[in-house]
Amino acid sequence: METLNFSPETATRVTWLAITVCIEYLLVLLAIGGDMVSGIRKARSRGECTRSSALRRTVDKAATYYNLLVVLTVVDAMQITAVLLLRNIEGYDLPTIPLFTLVGSVGMACIEVKSIFENANKKRQNDVAEIINAIEKLSHSESVKEIINKIIEKQ
């Protein structure tokens with residue numbers, strides 16, 4: 001049976017892979033936090049108080065994302081282990097990249113960015129709807145009708 005002797009270069013490579021995965025996890029957390037802050041700002045701008053149910057949904061979303069990330073990281077660990085074995089036993093020089101975790105974390109971050117923009121668009125749509133409602137209410141006001149009639153008469 002062969003023994004595996006991992007070189008210092010392999011140990012450094014594995015360390016960098018672990019650091020990369022940790023950074024990807026942190027960036028997903030930051031994206032979720034950005035979406036949460038966007039939602040809180042939107043609620044405050046509408047004069048709504050922050051509800052625990054909305055915060056609970058954010059926590060549930062984070063748990064779902066991280067469950068998936070852990071599974072993707074396990075798959076990456078299996079493929080990286082296979083690559084390291086092939087490198088040390090057979091001499092193949094294949095790249096060791098946590099590809100599944102990377103793709104998953106980028107996908108999750110893109111979903112959060114889309115959500116932030118949707119929050120901003122909903123706020124703009126709500127602002128426009130409020131303006132339209134205000135104009136409609138003003139058009140039924142007797143005092144506004146009198147002002148319009150006076151302006152028309154002066155011309």
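**Figure 1. The turn-off point after helix α1, at G47.** Just past the end of α1 in this predicted model, G47 adopts a positive phi of about 80°. The helix that leads up to this glycine, α1, covers residues 8-45. With 38 residues at 1.5 Å each, α1 should span 56 Å, and its end C-alpha atoms sit 55 Å apart, which agrees.

**Figure 2. A similar look at the end of helix α2, at G91.** Here the residue to find is G91, which follows α2 and has a positive phi near 85°. Helix α2 takes in residues 52-90. Its 39 residues reach 55 Å from the first C-alpha to the last, close to the 57 Å expected at 1.5 Å a residue.

**Figure 3. The buried residues of α1.** Scan along α1 and you'll meet T10, L17, V21, E24, Y25, V28, A31, I32, D35, S38, K42 and A43, which are buried. So what about the cysteine in this stretch of sequence, C22: buried or exposed? C22 is exposed, because its relative accessible area is 54%, and exposed means over 50%.

**Figure 4. The buried residues of α2.** The list for α2 runs T58, A62, Y65, Y66, L69, L72, D76, I80, V83, L84 and R87, buried in each case. For the protein as a whole, 21% of the 155 residues count as buried.

**Figure 5. Y25 and Y66, the one aromatic pair.** A single aromatic pair turns up in the structure. The ring centres of Y25 and Y66 are 5.5 Å apart and the ring planes meet at 50°, so this pair is tilted. The two tyrosines come from distant parts of the chain, with Y25 in α1, Y66 in α2 and their positions 41 residues apart. Both Y25 and Y66 are buried.

**Figure 6. The largest nonpolar core.** Which residues make up the largest nonpolar core? Nine do: V21, Y25, V28, I32, A62, Y65, Y66, L69 and M108. Helices α1 and α2 are the elements that give two or more residues to this core. As a rule, nonpolar side chains in soluble globular proteins tend to be buried together.

**Figure 7. M108 and what it touches.** Zoom in on M108, one of the nine core residues. Leaving aside residues up to four places away in sequence, M108 touches V28, Y65, L68 and L69. Of these neighbours, V28, Y65 and L69 are also listed in the largest nonpolar core.

**Figure 8. G39 across from I116.** G39 lies in helix α1. At 23% relative accessibility, this glycine counts as partly exposed. From C-alpha to C-alpha, G39 and I116 are 7.7 Å apart in space, though 77 residues separate them in sequence.

**Figure 9. The cysteines C22 and C110.** Looking for disulfides? A search of the whole structure finds zero. C110 is partly exposed, with a relative accessible area of 48%, whereas C22 is exposed at 54%.

**Figure 10. Stepping back to the whole fold.** The close-ups belong to a protein with four helices and zero strands, and from the N terminus on its elements run α-α-α-α. Among contacts with a separation of 6 or more, 74% come from residues 24 or more positions apart. The accessible surface comes to about 11,300 Å², and carbon and sulfur atoms account for 67% of it.

How values were computed. Residues are numbered from 1 along each chain as its sequence is written. This is a predicted model: local features need pLDDT of at least 70, side-chain atom pairs count only at pLDDT 80 or more; totals for chains, interfaces and linings use all residues. Side-chain values use heavy atoms; hydrogens and water are left out. Rings of Phe, Tyr and Trp (its six-membered ring) pair if their centres lie within 6.5 Å; planes under 30 degrees apart count as stacked, over 60 as edge-to-face and the rest as tilted. Buried means under 20% relative accessible area, exposed over 50%, partly exposed in between (1.4 Å probe, protein chains only). Contact means heavy atoms within 4.5 Å. Accessible areas come from the Shrake-Rupley method with a 1.4 Å probe; for residues, only the protein chains shown count as cover. The expected span of a helix is 1.5 Å times one less than its number of residues. A disulfide is a pair of cysteine sulfur atoms within 2.5 Å. A nonpolar core is a set of buried Ala, Val, Leu, Ile, Met, Phe, Trp, Tyr and Cys residues joined through side-chain atoms within 4.5 Å.
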